[in-house]
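Student: Could we go through some charged side-chain pairs and ask what justifies each label?

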Amino acid sequence: MPRTRRRSRRQDPEVVRLRGAALDAAAAGLFVFPVKPGEKLPAVPRHAARHCRQRGICADGHQGWEQRATRDRAQIYAWWSGQPRFNVGIACGPSGIVVIDLDTSTDPLPDWGGATTGREVLDQLAARHSGELTDTYSTRTPTHGEHLYYRMPAGLELHNTTQGLSGSLGPLIDTRAWGGMAVGAGSVRPEGAYIVAEHGQITELPDWLATLLTPAPPPQRPAAVALPTRRANAYVAAILRDEVGQVAAAQAGSRQSTLYFTAYRLGRLVGGGELEADHVAALLREAAAGHIRDDAFGPDQANDAIARGLHKGAEDPRYIDEHTSTRDDDTADAGP
Ligand SMILES: [Zn+2]
C-alpha cells in the first residue's frame with residue numbers, strides 16, 4: 001500500500017488542534033462527528049433522510065450524524081485531516097450521556113426568584129427535590145452557557161427535552177440525549193470558544209434528575225399508527241406513536257397543554273414534510289377523545305389546540321435527518 005501523502009503535507013495547525021480535541025473526546029469515551037466550521041450544525045450527512053437512496057454508505061439504512069459518530073481514531077484522522085476546520089460534535093445517545101444545557105437570559109424569571117441562568121434554576125430544582133448535583137465534567141459555551149455531562153443510567157433511554165415544552169426540567173434548561181448533540185470543548189464560534197469548565201470524570205446522572213427526565217409510561221396506547229405517508233420512515237412513526245401516546249396519557253392539569261405542545265412538535269415535522277397535517281390532526285383528536293369524555297375540555301377546544309399547535313410548529317420545520325436546531329444556543333436536536 002502506498003504511503004499516505006497526508007503526513008508529508010504541511011497541516012493547518014487549527015485543524016490539528018481541533019483533531020486533538022476530537023481525539024481527547026473519543027479517548028474519554030465520547031462519540032464524535034464533524035460540525036460545520038465556526039458553527040454548531042452537523043456537517044454530516046450530505047443528504048436528508050427523506051432523500052436517501054439507500055446506496056453506498058446508506059446501503060443498510062440512512063447514516064446521519066448520530067449513526068456516523070465514532071470513537072475510531074482512523075475515522076477521526078480522516079475527518080480532521082485537511083480542510084475544513086470542523087468543530088467537534090458529540091453525539092449524546094451513542095456516547096451514553098445526557099448533557100444538561102444551561103442557558104442564560106437577560107430577563108429575570110419571576111417564578112424562579114429572579115433567576116437569569118439555567119444554573120440558578122437547576123439549583124432551585126435540586127433544592128426542591130432534595131437532590132444534589134454531583135461533580136461532573138462540564139464545559140462553558142461561547143455565550144456563557146454551561147454544559148453538564150452526565151452518564152445515562154443503565155436501562156434508561158432518554159431523549160432531548162426543550163425548555164418551554166412539556167417534559168422539560170424548567171426554563172433556561174434543555175437536555176440532550178438520544179437524538180441530541182453537544183458542541184464539544186475546543187470548538188470555536190465567532191463569539192468565542194467552548195472550554196472545559198470542570199475537568200474530570202463524567203459521573204452518573206443523579207437519580208432525582210433521571211426521575212424528572214423519565215416520561216411516565218402511557219397507560220394506554222393507540223393500537224396501531226398507520227404510516228401517514230410513504231416518506232414516513234420508522235423513526236418518524238416512532239415519534240408519532242410516542243407523541244400521540246403522551247396525549248392519551250396526559251394527567252389532569254396538563255392535558256390541554258400536552259395536546260398543544262404535542263401538536264406543536266408534530267407540526268414541526270409537518271412543516272418539514274415528514275408528516276401529513278390532516279392525518280396528525282385525526283390521530284390527535286382520537287388520542288384526546290378520552291379527555292373530552294372526561295370533560296377535561298370540549299371538542300372545539302381540542303380542535304383549536306391541535307390547529308394552533310400544528311400551525312405554530314409548521315413555522316419551525318424539523319427535518320428528521322439533520323437533528324439540528326438554530327433556536328437553542330449551543331446544542332441541537334432538529335431543525336432546518
Ligand atoms: Zn442516506
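**Charged pairs and their burial**

Tutor: Let us start with Glu 191, which has a relative accessibility of 46% and therefore counts as partly exposed; bear in mind that this is a predicted model.

Student: What makes Glu 191 partly exposed, as opposed to buried or exposed?

Tutor: Buried requires under 20% and exposed requires over 50%, so Glu 191, at 46%, falls in between and is called partly exposed.

Student: How do you know that Arg 189 and Glu 191 form a salt bridge?

Tutor: The closest N and O atoms of Arg 189 and Glu 191 are 3.4 Å apart, and because the rule asks for a distance within 4 Å, the pair qualifies. Arg 189 itself has a relative accessible area of 10%, which is under 20%, so Arg 189 is buried.

Student: Why is the contact of Asp 12 with Arg 85 called a salt bridge?

Tutor: Here the closest N and O atoms are 2.6 Å apart, which is within 4 Å, so the label applies. Asp 12 lies in the segment before α1 (13–27) and Arg 85 in the loop between α3 (73–79) and β2 (87–91), so this pair ties together parts that are 73 residues apart in sequence.

Student: What makes Asp 12 buried?

Tutor: Asp 12 has 16% relative accessibility, which is under 20%, so Asp 12 counts as buried, whereas Arg 85, at 41%, counts as partly exposed.

Student: What makes Asp 174 and Arg 176 a salt bridge?

Tutor: Their closest N and O atoms are 3.6 Å apart, which is within 4 Å, so they satisfy the rule; both Asp 174 and Arg 176 are buried. By this rule, the count comes to 8 salt bridges.

Technical notes. Residues numbered from 1 in each chain as written. Predicted model: local features only at pLDDT ≥ 70, side-chain atom pairs only at ≥ 80, totals over all residues. Heavy atoms only, no water. Salt bridge = Lys/Arg side-chain N within 4 Å of Asp/Glu carboxyl O. Helix = DSSP H or I, 4+ residues; strand = E, 2+ residues; numbered from the N terminus. Buried < 20%, exposed > 50% of the residue type's maximum accessible area, 1.4 Å probe, protein only.
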